[in-house]
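Me: I should like to go through the terms used for this structure and ask what each of them rests on.

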Number of protein chains: 2
Amino acid sequence: MVIDVDEVREEEVQMEGAKDVTIQILINRPPAPTFVMRRFRIKPGGYTPLHAHDYEHEVYTLQGIGEVLDGELHYTIKPGSVIYVPPHKVHLFRNIGEEDLIFLCIIPA
Amino acid sequence: MVIDVDEVREEEVQMEGAKDVTIQILINRPPAPTFVMRRFRIKPGGYTPLHAHDYEHEVYTLQGIGEVLDGELHYTIKPGSVIYVPPHKVHLFRNIGEEDLIFLCIIPA
């Protein structure tokens, strides 16, 4: 199966505490048995909610400049930044640049 | 954990039938419990071996123009192409462009 990312519907993230964040589910379960590939877009000034959960994130930054809060540490991210957020760790992504911040975020299915 | 992709060692893929392919392991197990993020680079004219295995691939194309053989179907891929290769399906990636073909490929840990 091959699709173009621009063909995939982009939906507003409705979670409380999210601002100007959209999500595309690129590879879902089914068909994928083990993990799910999503792409997020955060507009300038936007952010994901500060939260934690019992599964990990694996993130690859595609575009833009952002800040990640990972536990108590802040990191700046840019295209090519790879982020591993372990299960149960409090985290947040924020766009601190002037263009959309776009990243892949893969989670267990 | 945040790293830059350019900090990660790039190694030649030694599998028989591979030509001009390198791999970077971006997020490995451990620490990741469920799936592993790798980045591949195929030079112009290069390809991965035609093969199949009992686990799936989830692929996101970052740069270049390539061809995927997925079972008996051929697809052209470009930046933003998303590929799901199910378990046991014969597949091959080939660079048919003039710059390096670079893609993420995530597999179960």
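**Strand pairing, core and contact**

Reply: Glu67(A) stands opposite Arg94(A) in S9(A). The model is predicted, with local features requiring pLDDT of at least 70 and side-chain atom pairs pLDDT 80 or more, while totals for chains, interfaces and linings use all residues. Residues are numbered from 1 along each chain as its sequence is written, and chains are lettered from A and ligands numbered from 1 in the order in which they are written.

Me: What makes S6(A) and strand S9 (residues 91-95) of chain A a pair?

Reply: Strands are DSSP runs of E of at least two residues, numbered from the N terminus, and two of them pair if DSSP finds at least two bridges between them. Five bridges join S6(A) to S9(A), which run antiparallel, so the two strands pair.

Me: How do you know that strand S6 (residues 66-70) of chain A also pairs with strand S7 (residues 73-77) of chain A?

Reply: Five antiparallel bridges link S6(A) and S7(A); in one of these, Asp70(A) has Leu73(A) as its partner. The two strands form a hairpin with two residues between them, and Gly71(A) in the turn has a positive phi of about 70 degrees.

Me: Why is Tyr60(A) said to touch Met37(B)?

Reply: Contact requires C-beta atoms, placed from the backbone, within 7 Å. Tyr60(A) meets this with Met37(B) and Leu104(B), among others, not counting residues up to four places away in sequence.

Me: How many residues does each chain bring to the contact?

Reply: Chain A and chain B give 30 residues each. On the side of chain B that touches chain A, the largest share, four residues, comes from S8(B).

Conventions:
Two residues are in contact if their C-beta atoms, placed from the backbone, lie within 7 Å.
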